[in-house]
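Please look over the structure shown here. A short report on its helices and on selected residues is given beneath.

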Amino acid sequence: MWSSVIGTAAGLLLGAGSGASNAPASPRRAITTQRGQVSFTIAAIALAAKMARADGVASAKEFATFERLFEVPAHERANAARFYRLAQGSTAGFETYANQAAGLLGLGSPVLEDLLEALLLIARHDGFHVGEDDFLCEVARRFGFDAAAYARIRARHDASVPDDAWTVLGVPPGSDAATVRAAYRELVKTYHPDRHIAAGLPIEFVRVAETRMAAINGAYASLRDAAGRDAP
């Protein structure tokens, strides 16, 4: 996968994207071809690199987080790093890459939400900056998430937001056991990594889904245990 990505990425960057349209994306669907997987991978790497540049300083910690989330194989690390550095030269053209990812999966896809989560995980390493927040808000909009949805997703990565576990599960603080359990089960059904594999997501990106699922499991466990709940 990474060899195919590196083989086509430089030309796409020089052309500011793959020629994806700015038209609204089609309904949610799976990626069924290697060409589609390569296109998604290129879009994801470019967005991660350009987001790191949005605050004016692209740090080594941000690239290290990218590698951890996207499972870059050891033998492809140099290639991935070269493409990442090329993409992070400026934020120019990021809108095209956001449209490219949305066009492949459809607006509001859970996979796009996971990609947005990955970008937030990278951004938070040196603290959220105004430039990064503006960048991510626009990416979210192009992914099909409105301002309220973006605020909810971002809150999961902002330590200043109270009642973190409630936010992760998307339920009001103080919700009863049945509400918490139902929200948790719905999130598992929607965001389990197996669904991402079925959607044709490149295996390198399943780590992002696993990270998100761990956060959901942790939030549910903390609320259940704090209240002495004995939910299955």
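The sections that follow go from the whole chain to single helices and then to single residues.

## Overall make-up

This is a predicted model. The protein contains 12 helices and 0 strands, and its pattern along the sequence reads α-α-α-α-α-α-α-α-α-α-α-α.

Of the 232 residues in the protein, 48% are buried. The exposed surface of the protein comes to about 10,300 Å², and 54% of that area is supplied by carbon and sulfur atoms. When contacts between residues at least 6 apart in sequence are considered, 77% of them join residues at least 24 apart.

## Helix 2

Helix 2 covers residues 34-53. Its 20 residues should span 28 Å at 1.5 Å a residue, and the end C-alpha atoms are 29 Å apart, so the expected and modelled values agree. Is helix 2 largely enclosed or exposed? Helix 2 is largely enclosed by the rest of the structure, because 16 of its 20 residues are buried.

## Helix 6 and its crossing with helix 3

Helix 6 has 14 residues, and the distance from its first C-alpha to its last is 20 Å, close to the 20 Å expected at 1.5 Å a residue. Helix 6 is mostly covered, with 14 of its 14 residues buried.

Helix 3 (residues 60-70) and helix 6 (residues 110-123) have axes that come within 9 Å and cross at roughly 145°. The crossing of helix 3 past helix 6 is right-handed. On the helix 3 side the contact is made by E62, T65, F66, L69 and F70, and on the helix 6 side by L115, A118, L121 and I122. By class, the residues of this contact divide into 7 nonpolar, 1 polar and 1 charged.

## K61 in helix 3

K61 is also placed in helix 3. Why does K61 count as exposed? Its relative accessibility is 58%, and the cut-off for exposed is over 50%, so K61 falls in that class. Along the chain K61 and H125 are 64 residues apart, while their C-alpha atoms are separated by 6.9 Å.

## Residues of helices 10 and 12

A177 belongs to helix 10, which runs over residues 177-191. With a relative accessibility of 27%, A177 counts as partly exposed, because that class lies between the 20% limit for buried and the 50% limit for exposed. In sequence A177 and L223 are 46 residues apart; in space the distance is 8.9 Å, C-alpha to C-alpha.

V206 and A215 are two residues to inspect in helix 12. Helix 12 comprises residues 206-226, with V206 lying in it. V206 has 5% relative accessibility and therefore counts as buried, the cut-off being under 20%. V206 and R195 are separated by 11 residues in sequence and by 9.8 Å in space, C-alpha to C-alpha.

A215 has its place in helix 12. At 39% relative accessibility, A215 counts as partly exposed. How many residues apart along the chain are A215 and R156? They are 59 residues apart, and their C-alpha atoms are separated by 9.0 Å.

Methods. Residues numbered from 1 in each chain as written. Predicted model: local features only at pLDDT ≥ 70, side-chain atom pairs only at ≥ 80, totals over all residues. Heavy atoms only, no water. Axes fitted to C-alpha atoms, helices over the stretch in contact; angles between N-to-C directions. Helix = DSSP H or I, 4+ residues; strand = E, 2+ residues; numbered from the N terminus. Left-handed = near helix turned anticlockwise from the far one by under 90°. Contact = heavy atoms within 4.5 Å. Nonpolar A, V, L, I, M, F, W, Y, C, P; charged D, E, K, R; others polar. Expected span 1.5 Å × (residues − 1). Buried < 20%, exposed > 50% of the residue type's maximum accessible area, 1.4 Å probe, protein only. Areas by Shrake-Rupley, 256 points an atom, 1.4 Å probe, with all protein chains shown as cover.
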